[in-house]
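Me: I have a model open here and would like to talk through a few parts of it. Could you go over it with me?

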Amino acid sequence: MTPPLLLVPADPLAPRSPDPHFAREAEAALVLGWRVGAIDHDMLLAGDAGAAVRRVPSAAAEATMVAWYRGWMIPVEAYERFTAALATRGVQVATNSDAYRQAHELPGWYGQFAGRTPASAWLPWKAGRTPSRTDVAALTAPLGSGPGVVKDYVKSRKHEWHEACFVPDLADVAAVTRTVARLVELQGSDLAGGIVARRFESFATDEAGRAREARVWWVAGSPVLVTAHPDTPSTTVRVPETVLDDIAGCLRRISAPFVTTDLAQRNDGVWRVIEVGDGQVSDLPASEEPGTILRILTQAEQPRDTTG
Ligand SMILES: Nc1ncnc2c1ncn2[C@@H]1O[C@H](COP(=O)(O)OP(=O)(O)OP(=O)(O)O)[C@@H](O)[C@H]1O
Ligand SMILES: [Mg+2]
């Protein structure tokens, strides 16, 4: 069997080498006998997927090579072009673009986790367009009143918490409009998909006031690793088996083979899903040994549906 291929972003200063942030994962892959290819992330974002993957090894004639990506987040449309450009080289990315969208963007996974994640509503949005009060009223109406958070389909501005993330009252349309406008402004052209509003819930926090999150890594539906959230690499959170079993049930309807779920315990003791992500673009805490996940991916069953 052809060994899998690990695709990582190239170092912008040394395009044949992995970006330093992913170098240890690339080294671990080589030790496991994988091949490694560096992709040009900037070129991918600029829309030229063919050029972005030009240094990736091609499969031998008539053969296909299965690839997993570990790197910076890729917008869904760019991911589509990325997998298509690789397919022309005989490289089949294990997660197809529909599966990637479902795991990566909140509207893709929310329905499978409803009742286990803060109530949310969303609105497709074009980067750079300033939202009006009418837009924001339509967005937040289903959520009623009370505190909330806003983000795009993928990322928040959590470091600008009061300015562009937290809203004291979802029913205060004028105030929420200001926060959403600031979110859109700060995200600029990086705004992913649209705007999400979520009801705020109170989580158990660490000394710095951050929700204590555990990142659970899933391969082919099984929880294979529980790590800290990369923002708090030294925190360890133990997730009860019953919670993992419940989440496993939700994941049955998510087609991505490699997924992460960030879980936190609410102040009332209930475990909640803060967000779901595609495992390829979820950051691994610096404290983790990078070979663990790759070893499990080596054994993962070959992808079933490869369209897209
Ligand atoms: N509904 C919510 N109620 C309370 N706190 C929340 C809620 N949603 C998010 N948070 C807090 O805001 C932080 C950022 O939210 P979230 O994880 O959704 O955004 P993010 O930008 O994707 O973060 P990252 O990718 O770094 O994990 C969470 O870690 C959590 O502390
Ligand atoms: Mg998060």
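**Talking through the model**

Reply: Let us begin with Ala220, which is partly exposed, with a relative accessible area of 45%. This residue sits in the loop between S10 and S11, and, as the model is a predicted one, everything said here about it is computed from predicted coordinates.

Me: What is the phi of Ala220?

Reply: The phi of Ala220 is near 50°, which is a positive value in a residue other than glycine. For background, most residues other than glycine have a negative phi.

Me: And which sheet do the strands on either side of that loop belong to, in what order?

Reply: They belong to an open sheet of four strands, ordered S11-S10-S12-S13, in which the pairing is antiparallel. Strand S11 (222-228) and strand S13 (271-278) are at the edges with a single partner strand each, so one side of each has no neighbour in the sheet. From one strand to the next, the twist averages 25°.

Me: How many bridges join S12 to S13?

Reply: Seven bridges join strand S12 (residues 258-265) to S13, with the two running antiparallel; to take one position, Val259 has Asp278 in S13 as its bridge partner.

Me: What lies across that sheet?

Reply: Helix H10 (residues 241-251) lies across strand S10 (213-219) as well as S11, S12 and S13, and the helix runs at about 50° to S10.

Me: Staying with S12, is Asp262 buried or exposed?

Reply: Asp262, which is found in strand S12, has a relative accessible area of 2%, and because buried means under 20%, Asp262 counts as buried.

Me: Then what does its side chain pair with?

Reply: The side chain of Asp262 makes a polar contact of 2.8 Å with the side chain of Arg215. Leaving aside neighbours within four places in sequence, the residues in contact with Asp262 include Glu213, Ala214, His229, Arg272 and Glu275.

Me: Changing topic, which residues of H6 are buried?

Reply: In helix H6 (residues 106-113), the buried residues are Leu106, Trp109, Tyr110, Gln112 and Phe113. They cover an arc of only 170° around the axis, and therefore they lie on the same side of H6.

Me: What do they pack against, and what follows the helix?

Reply: The buried residues of H6 pack against helix H5 (97-104), strand S6 (120-124), strand S9 (194-199), H10 and S13, so that H10 and S13, already met in the sheet discussion, come up again here. After H6 comes Gly115, whose phi is positive, near 90°.

Me: How many residues of S7 are buried?

Reply: Five of the five residues in strand S7 (residues 148-152) are buried, and both faces are covered, with Gly148, Val150 and Asp152 on one side and Val149 and Lys151 on the other. As general background, side chains in a regular strand alternate between the two faces of the sheet.

Me: Which strands does S7 pair with?

Reply: S7 is joined by two bridges to strand S8 (residues 166-167), running antiparallel, and Gly148 has Val167 as its bridge partner in S8. S7 also pairs with S9 in the antiparallel sense over five bridges, where Val149 stands opposite Arg198.

Me: Last one: how many disulfides are there?

Reply: A search of the whole structure finds zero disulfides. Two of the cysteines are buried, namely Cys165, at 3% relative accessibility, and Cys250, with a relative accessible area of 3%.

Key:
Residues numbered from 1 in each chain as written. Chains lettered and ligands numbered in written order. Predicted model: local features only at pLDDT ≥ 70, side-chain atom pairs only at ≥ 80, totals over all residues. Heavy atoms only, no water. Disulfide = S-S within 2.5 Å. Buried < 20%, exposed > 50% of the residue type's maximum accessible area, 1.4 Å probe, protein only. Pairing = 2+ DSSP bridges. Axes fitted to C-alpha atoms, helices over the stretch in contact; angles between N-to-C directions. Contact = heavy atoms within 4.5 Å. Polar contact = N/O pair within 3.5 Å; in protein donor to acceptor, adjacent residues only side chain to side chain. Arc of directions from axis to C-beta.
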